[in-house]
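Me: I would like a close look at one part of this structure, with its surroundings explained step by step. Please keep the wording plain.

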Amino acid sequence: MTVVMQDFPLTVDKIIDHAAKYHPNRKLVSRSVEGPITETNWLNVRNQAKKLSQGLISLGVRPGNVIGVMAWNTSRHFEVWYGVPGAGAVNHTLNPRLFAEQLIYIINHAEDRILLIDFDLVPIIEGIWDKLETVENVIVMTDREHMPESSIPNLICYEELLAKQDGIFDWVAVDENSPCGICYTSGTTGDPKGVVYTHRSNTLHALTCSSPDMLGLSSNDTVMPVVPLFHANGWSIGYTAPMIGSSMVMPGRDMTSEGLYEMLNFGVTFTAAVPTIWMLMLQHLKAKNLELPTLERVIIGGASCPRAVIETFQNDYGVQVLHAWGMTEMSPLGTVCTFKPEVTALDDAGRLDAQGTTGHPPFSVDLRITDDNGAEQPWDGETSGKLWAKGAAVVQRYLKHDSDAVDKDGWFDTGDVATINPDGYVRITDRSKDVIKSGGEWISSIALENAAVAHPQVAEAAAIGIPHPKWDERPILVVVPIDGPKPDPREILDLVAEHFAKWQIPDDVVFVSELPHTATGKISKLELRKILTAQGYKLPQ
Ligand code: AMP
């Protein structure tokens with residue numbers, strides 16, 4: 001049979017071209033790193049991106065070269081998001097909160113040739129400059145006026161580089177399976193591992209994410225990604241929003257509740273961030289008696305979202321919460337909690353229970369749970385097992401590893417432990433390495449933590465297993481109280497007791513002023529265990 005359909009390579013330049021051609025006037029409002037709030041649109045972003053592609057090529061960049069990008073969420077970052085792959089190069093997102101050794105490792109490992117960085121982040125690169133083996137040029141994403149003094153030789157001013165280009169440029173044609181971006185996992189043990197997204201996987205993932213049972217965006221939405229573009233492929237929003245032609249609000253580097261609230265007031269209808277951001281925001285709204293007049297939906301993931309956050313958003317502010325699960329290796333979204341008819345049919349409390357799960361996977365993501373021997377486990381909402389994933393945007397092999405990250409049948413071990421209910425709703429109960437095993441039975445640390453943070457005086461909680469001679473391990477809760485009087489430990493345990501069997505209730509509540517976090521804001525239980533051991537912590541007898 002002759003070929004009857006067109007070849008339409010799935011490359012991300014098509015996304016920004018679509019936004020510029022069909023949604024040219026949708027606004028991007030941004031808190032610039034320089035300070036003022038700026039405004040642009042998709043047409044301008046595309047034109048600037050073309051100039052950046054030209055500028056990169058003038059510096060010698062060739063297809064497949066890796067460009068490290070360390071930048072906050074601004075509209076300029078969008079120019080880079082498309083200008084780098086538009087030159088055929090690969091956008092390696094750099095998290096400025098990584099430890100210096102990790103940054104050095106990933107920049108050298110990915111062989112970044114050029115760095116594009118916000119001007120306030122120059123000191124970070126300056127501090128590691130003499131250890132970087134492959135970087136030839138550093139472009140500072142600002143104008144001449146804001147160029148910093150620096151010991152890094154020959155800093156290039158972004159706006160000057162772009163001003164030299166005419167913008168008349170065809171995107172560099174690349175195969176849809178060629179690399180588009182790299183994000184390293186924030187692993188707490190061992191070296192970070194590079195996940196290389198292709199043009200095709202990013203485009204397919206954005207199409208998947210835009211569907212109604214995922215993010216459900218439209219050109220009528222104004223989207224504010226609080227989650228940084230450098231976390232886990234920016235939760236795909238950098239591709240999904242322009243693909244849909246949404247307007248955008250970019251919060252810049254100001255992550256305070258005051259700063260974010262100011263930006264929400266630019267008509268934001270949809271926003272995205274980890275739970276901690278929203279816990280602080282909800283406290284701020286209550287304390288200042290503020291409202292959220294335009295916000296309709298918020299996607300929350302990266303860590304388990306406490307029930308109280310979901311309840312407060314929905315009941316007090318009329319904002320629907322989409323609880324989501326994913327990971328860097330999955331581009332990143334794996335499941336989103338939207339309502340199937342079985343959930344819509346439940347009463348309010350039942351729907352809220354369902355929202356404690358992270359929802360169901362879309363087409364192009366396949367999941368299963370197994371026991372330790374690889375036997376598939378039932379979808380009864382009770383039996384937990386190792387969670388495995390397959391999909392069009394799931395990692396096959398980490399950068400420069402010599403073997404695949406999937407088993408012989410193509411399943412990737414997510415490292416998470418979950419239950420799946422008969423309707424296909426996934427509840428994440430633990431990271432495999434954080435599972436608490438007492439008397440041979442698993443206790444979900446995430447469920448314990450969620451129960452504890454329901455106490456009004458608890459800001460954050462971590463449940464960990466402490467070695468026990470008889471039971472193998474016993475759970476304890478490590479709690480950060482909110483400012484003010486310390487909560488009564490018995491009250492916290494009483495709250496936990498409402499949801500757990502007696503043998504699952506923690507043996508102790510330890511108060512701390514803060515918990516150790518990874519660079520992506522997750523509680524580092526490895527570090528927490530080390531700290532408690534160093535302090536000589538002993539379980540109560
Ligand atoms: P990262 O690759 O840094 O985004 O981390 C991914 C990990 O975050 C997952 O493997 C989970 O352990 C955790 N995670 C993400 N979303 C959720 C969620 N909604 N509930 C519980 N854990 C989550």
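In which strand is the place of D112? Please start there, then go on to other strands.

Reply: This is a predicted model. D112 sits in strand 5, which covers residues 112–117. The residue is buried, yet it has no salt bridge. The nearest side chain of opposite charge belongs to K400, and that is 8.9 Å away. A salt bridge would need a side-chain nitrogen of Lys or Arg within 4 Å of a carboxyl oxygen of Asp or Glu. Leaving aside residues up to four places away in sequence, D112 touches V66, G68, H92, L94, I107, T134 and V135.

A second residue to look at is T198, in strand 9 (residues 194–198). T198 counts as buried because its relative accessibility is 18%, and the cut-off for buried is under 20%. The side chain of T198 reaches the backbone nitrogen of S201 at 2.9 Å. With residues up to four places away in sequence again left out, T198 touches E176, N177, S178, P179 and C180.

Next come strands that pair with one another. Strands of a sheet pair through backbone hydrogen bonds, in either a parallel or an antiparallel way. Strand 22 (residues 458–468) and strand 23 (residues 472–481) run antiparallel and are joined by 10 bridges. The two form a hairpin, with three residues between them. Within this pair, P467 of strand 22 stands opposite E473 in strand 23. Strand 22 is mostly covered, as eight of its 11 residues are buried.

The model also has an open sheet of eight strands, in the order 2-1-11-10-12-13-14-15, with mixed pairing. Its edge strands are strand 2 (37–41) and strand 15 (333–336), each of which pairs on one side only. From one strand to the next, the twist averages 20°. Inside the sheet order, strand 10 is listed beside strand 12. Strand 10 (residues 222–225) and strand 12 (residues 270–273) run parallel, and three bridges join them. One of the residues involved is P225, whose bridge partner in strand 12 is A272.

A helix is placed against this sheet. Helix 10, residues 275–288, lies across strand 12 and strand 13 (297–300). The helix runs at about 115° to strand 12.

To return to the starting point, D112 is a buried residue without a salt bridge, and T198 is a buried residue too.

Conventions: Residues numbered from 1 in each chain as written. Predicted model: local features only at pLDDT ≥ 70, side-chain atom pairs only at ≥ 80, totals over all residues. Heavy atoms only, no water. Pairing = 2+ DSSP bridges. Helix = DSSP H or I, 4+ residues; strand = E, 2+ residues; numbered from the N terminus. Axes fitted to C-alpha atoms, helices over the stretch in contact; angles between N-to-C directions. Contact = heavy atoms within 4.5 Å. Buried < 20%, exposed > 50% of the residue type's maximum accessible area, 1.4 Å probe, protein only. Lys, Arg positive; Asp, Glu negative; His and termini not counted. Polar contact = N/O pair within 3.5 Å; in protein donor to acceptor, adjacent residues only side chain to side chain.
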